[in-house]
Every structure is written in structure tokens, then in C-alpha cells.
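Here's a walk through one structure, with the charged contacts up front and the cysteines and a few spacings after that. Keep the viewer open as you read.

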Amino acid sequence: MNYTKEQLIDALCAEWEYLCHDDFDPEVDLDASEYRAEMEKLTIEELIEETGTDDEGYTLDEYMENYS
């Protein structure tokens, strides 16, 4: 399945919010708007790499299902 850059950014931001929800450190972590701005600078290929997915273990489709 193909995903748009915006869909990938939205999913990465949703994952970021999930991971930082209980463990946000303002001294170290970007805030939500800063994180989104950093993701918007990346290409689609780089965004897919950021998801940490592959074709065998945790697929991009599974990732998108979890965070979309």
C-alpha cells in the first residue's frame, strides 16, 4: 500500500505523542510542533525509515494501522 508524506508524518507524530505521553522531558524532547516540523523536512523514504519498519517483522502497513 502507498502512503502520502502527510499520512506518514501524521502517523509518526501519533507515535511520538504516544511515546512521550507519560515520559516527556522538556529539557531533551522536542515539543509536538517542533517534532512535526522536523518530520516535514524529511523525504518519504526517510519518513519510512523513521518508522523502523521492514518487510518481515513489523511492516509499514502494521505501523500505519497502529498510528493512523
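Which residue forms a salt bridge with Glu6? That partner is Arg36, and the closest N and O atoms of the pair are 3.5 Å apart. A salt bridge here means a side-chain nitrogen of Lys or Arg within 4 Å of a carboxyl oxygen of Asp or Glu. The contact ties together distant parts of the chain, since Arg36 sits in helix H2 and Glu6 in helix H1, 30 residues apart. Helices (H or I, at least four residues) and strands (E, at least two) are DSSP runs, numbered from the N terminus.

Before going further, a word on what you're looking at. This is a predicted model, in which local features need pLDDT of at least 70 and side-chain atom pairs count only at pLDDT 80 or more, while totals for chains, interfaces and linings use all residues. Residues are numbered from 1 along each chain as its sequence is written, and side-chain values use heavy atoms, with hydrogens and water left out.

Back to Arg36, which also meets Asp10 in a salt bridge, at 3.1 Å from N to O. This pair again links distant parts of the chain: Arg36 is in helix H2 and Asp10 in helix H1, 26 residues apart. How open are these side chains to the outside? Arg36 counts as partly exposed because its relative accessibility is 25%. The scale runs like this: buried is under 20% relative accessible area, exposed is over 50%, and partly exposed is in between (1.4 Å probe, protein chains only). Glu6, at 42%, is partly exposed, and so is Asp10, at 34%.

The count of salt bridges comes to three. Besides the two at Arg36, Lys41 and Glu38 pair up through their side chains, at 3.0 Å from N to O. Lys41 is exposed, with a relative accessible area of 60%, whereas Glu38 counts as partly exposed at 35%. Shared partners join Glu6, Asp10 and Arg36 into one network of salt bridges.

Now for charges without such a partner. Asp22, Asp23, Asp25 and Glu27 form a negative surface patch. Patches are made of residues with over 30% relative accessible area and no salt bridge, with like charges joined within 9 Å and nonpolar side chains (Val, Leu, Ile, Met, Phe, Trp, Tyr) within 5 Å. Lys and Arg count as positive and Asp and Glu as negative, while His and the chain ends are not counted. The place of a charge is taken as NZ of Lys, CZ of Arg, CG of Asp or CD of Glu. If you want to find the patch, look for Asp25 in the loop between helix H1 (5–20) and helix H2 (32–40). Asp25 counts as partly exposed because its relative accessibility is 33%.

What about the cysteines? A search of the whole structure finds zero disulfides, a disulfide being a pair of cysteine sulfur atoms within 2.5 Å. Cys13 is in no disulfide, and the nearest cysteine sulfur, that of Cys20, is 11 Å away. Seen from Cys20, the closest cysteine sulfur is in Cys13, and those 11 Å are too far for a bond. Cys13 is buried, with a relative accessible area of 5%, and Cys20 counts as buried at 12%.

Helix H1 also carries Tyr18, which counts as exposed because its relative accessibility is 60%. Tyr18 and Tyr67 are 49 residues apart in sequence, yet their C-alpha atoms are 9.1 Å apart in space.

Further along, Leu47 lies in helix H3 (residues 44–51). Leu47 counts as buried, at 0% relative accessibility. From Leu47 to Leu60 there are 13 residues in sequence and 11 Å in space, C-alpha to C-alpha. Thr53 is found in the loop between H3 and helix H4 (60–67), and at 19% relative accessibility Thr53 counts as buried. The C-alpha atoms of Thr53 and Ala14, 39 residues apart along the chain, have 16 Å between them.

Technical notes:
Accessible areas come from the Shrake-Rupley method with a 1.4 Å probe; for residues, only the protein chains shown count as cover.
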